[in-house]
Amino acid sequence: MYASASAGSRSEQRNALVTGAGSGIGAAIAEALARSGCAVVCTDRNEAGADATAARIRAAGGSAASLPLDIADDSAVATLPEKVVAGLGAIDVLVNNAGVGGEVPTSGLTMADVRAVLRVNLEGAVAVTLALLPQLRASGSGRVLNVASIQGFRGARDSLAYGASKGALVNLTRDLACDLADDGVLVNALAPGFVNTPMARYADGTTEYETDWFRTIYVENARIPLRRPAEPEEVAEAALFLCSPANTYVTGQVLAVDGGMTATF
Ligand code: NAI
């Protein structure tokens, strides 16, 4: 259900839209943007999740609306500008965060598996960006943030589709930054490493971070120099600067938020 956020005066308030805001990193980014003064449209294909995030923001005194949105549904994405204009009037900040994981050994991988991941992680982000392009351009200080992954520039077993989707997101960030620079829209990406969210959770509720292999490789052997996964709020802190008007000269960049993992051998 679309619950309207109070539209702010264009001079004092910025409006943000976050995809996948119903859980994990997207929820943390939406809440951080709201704390920084943005009115936030929390979108997710999980309507209850988006509603819950928006409710938390409002309970904390912020301004938020929720909107069910499956970014892989072209017809739903096409209605986005109309709904957003009705609710807020403009969008200054777009965070393309929604994504799906899924490890599948390449020997058993089907094209349906590959397309399902690309459809959300790559095509969904492009579709939402294109739909909101006129509004981001009109902002005068628009910001786009793509949530990629360090798997966008490092290989991993059983991750062909996911890694390809994130690699594409990394380079489209650079392309879009070139295309939108004349309109004052700055486009960047985050590349998280391991983050403690439902995406990292097994069916029984435990996480990969509690396993012996994670403890041995990433903690004891310091494959992550900071020796732990990130909390979603730590990723959100990195997002804040890139999305803010204080960022006036960083565009086309990918910031790894990985506890130093990609800094090491
Ligand atoms: P999560 O599973 O907690 O949240 C993902 C959210 O995206 C969910 O609320 C889900 O309903 C939504 N979503 C999925 N498909 C959607 C669609 N078609 N349309 C709209 N919403 C959709 O996962 P997490 O960890 O918060 O992931 C957020 C982003 O961060 C993803 O793009 C993921 O690839 C990326 N990431 C996560 C890492 C991690 O370790 N958790 C590491 C690196 C990147």
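A polar contact here is a pair of N or O atoms within 3.5 Å. Keep that cut-off at hand as you work through this predicted model.

**Exercise 1.** Find out which protein atoms make polar contacts with the ligand's oxygen and nitrogen atoms.

*Solution.*
1. Start at Ser23: a polar atom of its side chain is 2.6 Å from a ligand oxygen.
2. Move on to Thr197, where a side-chain N or O atom lies 2.5 Å from an oxygen atom of the ligand.
3. Now look at the backbone: a polar atom of Ile71 there is 3.0 Å from a ligand nitrogen.
4. Compare with the cut-off: these pairs count as polar contacts because each is within 3.5 Å.

**Exercise 2.** Describe the surroundings of the ligand.

*Solution.*
1. Count the shell: 29 residues surround the ligand, and Asp44, Asn97 and Tyr162 are among the closest.
2. Sort these shell residues: 15 are nonpolar, 10 polar and 4 charged.
3. Look for helices: H1 (24-35) and H6 (160-180) each give at least two residues to the shell.
4. Name the site: the ligand takes up the space of the largest pocket.

**Exercise 3.** Locate Asp158 and Arg227, and decide whether each is buried, partly exposed or exposed.

*Solution.*
1. Asp158 sits in the loop between strand E5 (143-147) and H6, and its phi is positive, near 60°.
2. Arg227 belongs to the loop between helix H7 (212-220) and helix H8 (232-243), also with a positive phi, about 60°.
3. Most residues other than glycine have a negative phi.
4. Partly exposed runs between 20% and 50%, so Asp158, at 32% relative accessible area, is partly exposed, and so is Arg227 at 43%.

Definitions and conventions. Residues are numbered from 1 along each chain as its sequence is written. This is a predicted model: local features need pLDDT of at least 70, side-chain atom pairs count only at pLDDT 80 or more; totals for chains, interfaces and linings use all residues. Side-chain values use heavy atoms; hydrogens and water are left out. A residue is near a molecule or strand if one of its heavy atoms lies within 4 Å of it. A polar contact is a pair of N or O atoms within 3.5 Å; within protein, one must be able to donate a hydrogen and the other to accept it, and residues adjacent in sequence count only if both atoms are side-chain atoms. On a 1 Å grid over the protein atoms alone, a cavity is a set of points where a 1.4 Å probe fits but cannot get out, and a pocket is an open set with protein on both sides within 12 Å along at least five of seven lines; lining residues have an atom within 4 Å of a point. A molecule sits in a cavity or pocket if more than half of its atoms lie within 2 Å of its grid points. Helices (H or I, at least four residues) and strands (E, at least two) are DSSP runs, numbered from the N terminus. Ala, Val, Leu, Ile, Met, Phe, Trp, Tyr, Cys and Pro count as nonpolar, Asp, Glu, Lys and Arg as charged, and the others, Gly among them, as polar. Buried means under 20% relative accessible area, exposed over 50%, partly exposed in between (1.4 Å probe, protein chains only).
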